[in-house]
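Here is a set of short exercises on reading a protein complex. Try each task yourself before you look at the worked solution.

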Amino acid sequence: MASYIVIALFSVGIGVGWLFRNKEKTRKNVDVAVTWAVYLLLFLLGISVGVNEEIINNFSRIGYKAFWLTFGAVAGSVLLAKLVYELFFKTKDKA
Amino acid sequence: MKGSLIILAFFAVGLVGGIYDVFPTWLLNEELTTYALFALMFLVGISIGSDKTAFSILRKMNLKVVLVPLTVVVGSLAGTALISFILSDISVKEAMAVGAGFGYYSLSSIFISKLSGPELGVVALLSNIFREILTLLAVPFLVRYFGKLAGIATGGATAMDTTLPIIVKFTGKDYGIIAIFSGIILTILVPILVKVIFEFL
């Protein structure tokens, strides 16, 4: 449920932001607030991880998984990007 | 890069403090995280919505450019899904949710830990930070062997800000606009796709 509220707030935010598009100062303040909200949430995530012994004891395994998922995501994106580039974007001046 | 170090520092302080039990228990309250997440998402929305250059770029785009973020979505999700078959302890769904972070580690890790628990949240945090770092380091090489969209593709959501300078440097200014466009679309898609993956797969 909460995640639907999150997506709804996100969409409403985009609309509200559009109204503020000419207010430079508001935009700057919003960006500062975003940064601090991220700091707060990552700090809280850190605590919830720190008190969770199962995660702490498996940290190297978690890093290992993260590494391979990065590899998969990057390899998949780059290979497909090569195909899309060759098919649709490459200029034909060398033909 | 500096930004991700500060974020990691906040995470690390929380982590170490959590291990040694130095924080009051009210900081672990679920509701605090939920409301902070509500505030964050609303603010991120405002930040995207008020970006005038973003909208003018969107207006100038032709249809072909839509292929670029689509490539990143399909490539990232397919790649992470394949990796989940090699790793014994992660499901296809979890792997794809991490892949759907597209390098946007702050938001994806928070959102995923909310939907699935802190363990996968940490996987998402690390994996998507790795993605940004890898992009910063490997763009010259990737562009050389995989064409001019390669940097935009690895950059994912970060192609609109943190990795944009390096992408522009190695693929040219004309690709800078495509990078920003792709980054904006992917940034908007992160919370939506993560939710869809957990809900419907």
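The exercises below deal with a predicted model, and they go from whole chains down to single residues.

**Exercise 1. How many helices and strands are there in chain A, and how many in chain B?**

*Solution.*
Step 1. Begin with chain A: you should find 4 helices and 0 strands. Read from the N terminus, its elements follow the order α-α-α-α.
Step 2. Now turn to chain B, where the count is 10 helices and 0 strands. Its elements, again from the N terminus, run α-α-α-α-α-α-α-α-α-α.

**Exercise 2. Compare the radius of gyration of each chain with that of a globule of its length.**

*Solution.*
Step 1. Chain A has a radius of gyration of 21 Å, whereas a compact globule of 95 residues would have one near 12 Å.
Step 2. The box filled by the C-alpha atoms of chain A, taken along the principal axes, is roughly 60 × 50 × 25 Å.
Step 3. For chain B, the globule rule gives 17 Å for 201 residues, and the chain has a value of 17 Å, so chain B is as compact as a globular protein of that length.
Step 4. The C-alpha atoms of chain B fill a box of roughly 50 × 40 × 35 Å along the principal axes.
Step 5. Add burial to the picture: 39% of the 95 residues in chain A are buried, and in chain B buried residues make up 54% of the 201.
Step 6. For chain B, look also at contacts between residues at least 6 apart in sequence: 61% of them join residues at least 24 apart.

**Exercise 3. Find the domains of chain A and say what separates their centres.**

*Solution.*
Step 1. The domain assignment gives domain 1 (1-52) and domain 2 (58-95).
Step 2. Taken over C-alpha atoms, the centres of these two domains of chain A are 29 Å apart.
Step 3. It is worth checking confidence too. Chain A has an average pLDDT of 90, and 95% of the residues score at least 70. Confidence in chain A is highest in α4(A), at a mean of 96, and lowest in α1(A), at 89.

**Exercise 4. Describe the side of chain A that touches chain B. Which helix gives the largest share?**

*Solution.*
Step 1. Count the residues on both sides: the contact takes 65 from chain A and 78 from chain B.
Step 2. Sort the chain A side by element. At least two residues each come from α1 (2-19), α2 (24-50), α3 (53-57) and α4 (59-89) of chain A. The largest share is that of α4(A), with 25 residues.
Step 3. Sort the chain A side by class: 45 residues are nonpolar, 14 are polar and 6 are charged.

**Exercise 5. Which residues touch the most other members of the largest nonpolar core?**

*Solution.*
Step 1. Recall a general idea: in soluble globular proteins, nonpolar side chains tend to be buried together.
Step 2. The largest nonpolar core has 89 residues, and those touching the most other members are L41(A), A81(A), L40(B), A100(B), V123(B), I152(B) and V190(B).
Step 3. Helix α7 (residues 118-146) of chain B supplies the largest share of this core, 13 residues.
Step 4. Domain 1 (1-52) and domain 2 (58-95) of chain A both contribute residues, so the core lies between them.
Step 5. Zoom in on L41(A). Leaving aside neighbours within four places in sequence, L41(A) is in contact with T33(B), A36(B), L37(B), L40(B) and I110(B).

**Exercise 6. Is S106(B) buried or exposed?**

*Solution.*
Step 1. Locate S106(B): this residue is in helix α6 (residues 105-116) of chain B.
Step 2. Count neighbours. S106(B) has 25 other C-beta atoms within 10 Å, and 20 or more make a residue buried, so S106(B) is buried.
Step 3. Not counting residues up to four places away in sequence, S106(B) touches V38(A), L42(A) and I7(B).

**Exercise 7. D21(B) and F102(B) have a positive phi without being glycine. Where is each, and is each buried or exposed?**

*Solution.*
Step 1. D21(B), with phi near 60°, is in the loop between α1 (2-19) and α2 (30-49) of chain B.
Step 2. D21(B) has 10 C-beta neighbours inside 10 Å, so D21(B) counts as exposed.
Step 3. F102(B), with phi of about 50°, is in the loop between α5 (92-99) and α6 of chain B.
Step 4. F102(B) has 32 other C-beta atoms within 10 Å, so F102(B) is buried.

Key: Residues numbered from 1 in each chain as written. Chains lettered and ligands numbered in written order. Predicted model: local features only at pLDDT ≥ 70, side-chain atom pairs only at ≥ 80, totals over all residues. Contact = placed C-beta atoms within 7 Å. Nonpolar A, V, L, I, M, F, W, Y, C, P; charged D, E, K, R; others polar. Rg over C-alpha atoms; globule rule 2.2 N^0.38 Å. Buried ≥ 20, exposed ≤ 12 C-beta atoms within 10 Å, placed from the backbone. Core = buried A, V, L, I, M, F, W, Y, C linked by C-beta atoms within 7 Å. Domains from an automatic or database assignment. pLDDT = per-residue confidence, 0-100.
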